[in-house]
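Let's take a tour of the empty spaces in this structure and of what fills one of them. Have a look at the model first, then read on.

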Amino acid sequence: MKSTTLTSLKNLKVAGEKFPVVTAYDAAFARLIEQAAIEVVLVGDSLGNVLLGYDSTVPVTMDDMIHHTRAVRRGNNKSLIIADMPFMAYASELQAMDNATRLMQAGAQMVKLEGGAWLEETVLMLTERGIPVCGHLGLTPQSYIKLGGYRVQGRDEQEAEQIVADAHMLEEAGADLLVLECVPSSLAATISRELDIPVIGIGAGPDTDAQVLVLYDLLGISPRLPRFSKNFLTESGNVLSALEAYASAVRTGAFPEPDHGFR
Ligand code: KIV
């Protein structure tokens with residue numbers, strides 16, 4: 001596999017070719033992800049839930065993210081590495097600048113921030129200074145308390161319009177990728193069509209440009225499999241084959257199926 005770049009991802013979108021994204025938190029799995037030729041690896045703050053045993057991503061710290069980003073970098077030189085900015089690491093523009101710098105110096109090639117309108121200046125500032133940004137809209141788990149729990153976002157018209165407006169704003173502010181989590185499939189399809197940057201879905205139906213899954217869900221070792229996810233290990237027999245099966249299912253459009261999405 002050739003090294004992934006922002007240009008190669010944009011070219012995939014232009015060509016109408018879907019690409020897989022998966023989370024990883026250590027060098028061993030990051031190496032297998034490279035072997036499976038998966039274009040993008042996300043050092044997600046989901047590590048708080050799946051690895052560290054917290055019941056949300058809120059307790060995850062910058063030190064946690066740096067530790068795991070370094071490990072993933074050591075295992076994988078080809079996939080593009082996105083690192084999550086954890087809870088409150090980007091509450092002000094200055095914090096965002098300092099913390100994004102730390103993640104890039106730990107081996108990330110892009111940082112991911114959860115949120116819409118309030119992040120406009122922050123995204124502009126980071127991208128103008130050469131730090132690539134991935135936006136994250138819809139269900140933003142760091143705000144789950146304010147959102148009233150882990151619920152599908154954008155079901156009513158006003159909420160949907162706000163998500164569409166935020167998506168355009170993030171693209172205009174310089175974001176190079178966008179994650180849409182737990183939104184109705186039709187809304188994700190509209191946003192994917194309207195934006196030039198690749199849109200990565202999770203619980204967002206079959207019509208986004210790319211898909212992301214939490215590695216431990218894909219391997220069936222999370223305590224509870226979300227209904228938008230799929231265990232690829234059962235049919236595959238080993239971790240590398242499971243990753244390859246996932247990548248192939250995303251590229252051919254076999255995953256996600258319509259039933260993995262929301263209305
Ligand atoms: O932290 C994470 O793993 C994520 C994905 C669910 C998109 O943000």
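## The second largest pocket

The second largest pocket holds about 420 Å³ of space. This is a predicted model, by the way, so everything here is computed from predicted coordinates. Its lining is made up of 20 residues, and those nearest the centre are Gly115, Gly116, Trp118, Thr140 and Ser143.

Two elements give two or more residues to this lining: β5 (133-138) and α7 (157-173). The largest share comes from α7, with four residues. Sorted by class, the lining of the second largest pocket has nine nonpolar, eight polar and three charged residues.

## The largest pocket

Now for the largest pocket, which comes in at about 860 Å³. You'll find 36 residues lining this one, with Glu181, Val214, Asp217, Pro226 and Phe228 nearest its centre. Several elements chip in with two or more residues: α3 (47-50), β4 (110-114), β6 (177-181), β8 and α9 (215-218).

As for the character of the walls, the lining of the largest pocket splits into 19 nonpolar, seven polar and 10 charged residues.

## The ligand

So where does the ligand sit? Look in the largest pocket. Around the ligand you'll see Thr23, Leu42, Gly44, Asp45, Ser46 and Asp84, and also Lys112, His136, Glu181, Ile202, Val212 and Val214. By class, this shell is an even mix, with four nonpolar, four polar and four charged residues. Glu181 and Val214 turn up in the ligand's shell, and they are also among the residues nearest the centre of the largest pocket.

Some side chains have polar atoms lined up with oxygen atoms of the ligand. Serine 46 places a polar side-chain atom 2.6 Å from a ligand oxygen. For aspartate 84, a polar side-chain atom lies 3.0 Å from an oxygen atom of the ligand. Aspartate 45 has an N or O atom in its side chain that is also 3.0 Å from a ligand oxygen. On its own, the ligand has 260 Å² of accessible area, and the protein covers 95% of that.

## One enclosed cavity

Pockets aside, how many cavities of 30 Å³ or more does a search of the whole structure find? The search finds one, and the volume of this largest cavity is about 50 Å³. Rolling a probe the size of a water molecule over the atoms shows where empty space like this is left.

The cavity lining includes Ile202, Gly203, Ala204, Gly205, Gln211 and Val212, along with Leu213, Phe228, Phe255, Pro256 and His260. Strand β8 (residues 210-213) gives the largest share, three residues. In terms of class, the cavity lining has seven nonpolar residues, four polar ones and no charged ones. A few names here are familiar: Ile202 and Val212 line the cavity and also belong to the residues around the ligand. Phe228 lines the cavity too, and it is one of the residues nearest the centre of the largest pocket.

## Two backbone oddities

Most residues other than glycine have a negative phi, and most peptide bonds are trans. Two spots in this backbone are worth a look with that in mind.

One involves two residues from the cavity lining, Phe255 and Pro256. The peptide bond from phenylalanine 255 to proline 256 is cis, with omega near 0°. Proline 256 belongs to the segment after α11 (239-252).

The other spot is alanine 37, which has a positive phi of about 60° despite not being a glycine. You can find alanine 37 in the loop between α2 (27-35) and β2 (40-43).

Technical notes. Residues numbered from 1 in each chain as written. Predicted model: local features only at pLDDT ≥ 70, side-chain atom pairs only at ≥ 80, totals over all residues. Heavy atoms only, no water. Near = heavy atom within 4 Å. Polar contact = N/O pair within 3.5 Å; in protein donor to acceptor, adjacent residues only side chain to side chain. Areas by Shrake-Rupley, 256 points an atom, 1.4 Å probe, with all protein chains shown as cover. 1 Å grid on protein atoms, 1.4 Å probe; cavity = no way out; pocket = protein on both sides within 12 Å on 5 of 7 lines; lining within 4 Å. Sits in = over half its atoms within 2 Å of the grid points. Nonpolar A, V, L, I, M, F, W, Y, C, P; charged D, E, K, R; others polar. Points joined across faces, edges and corners; volume = space filled by probe spheres on them.
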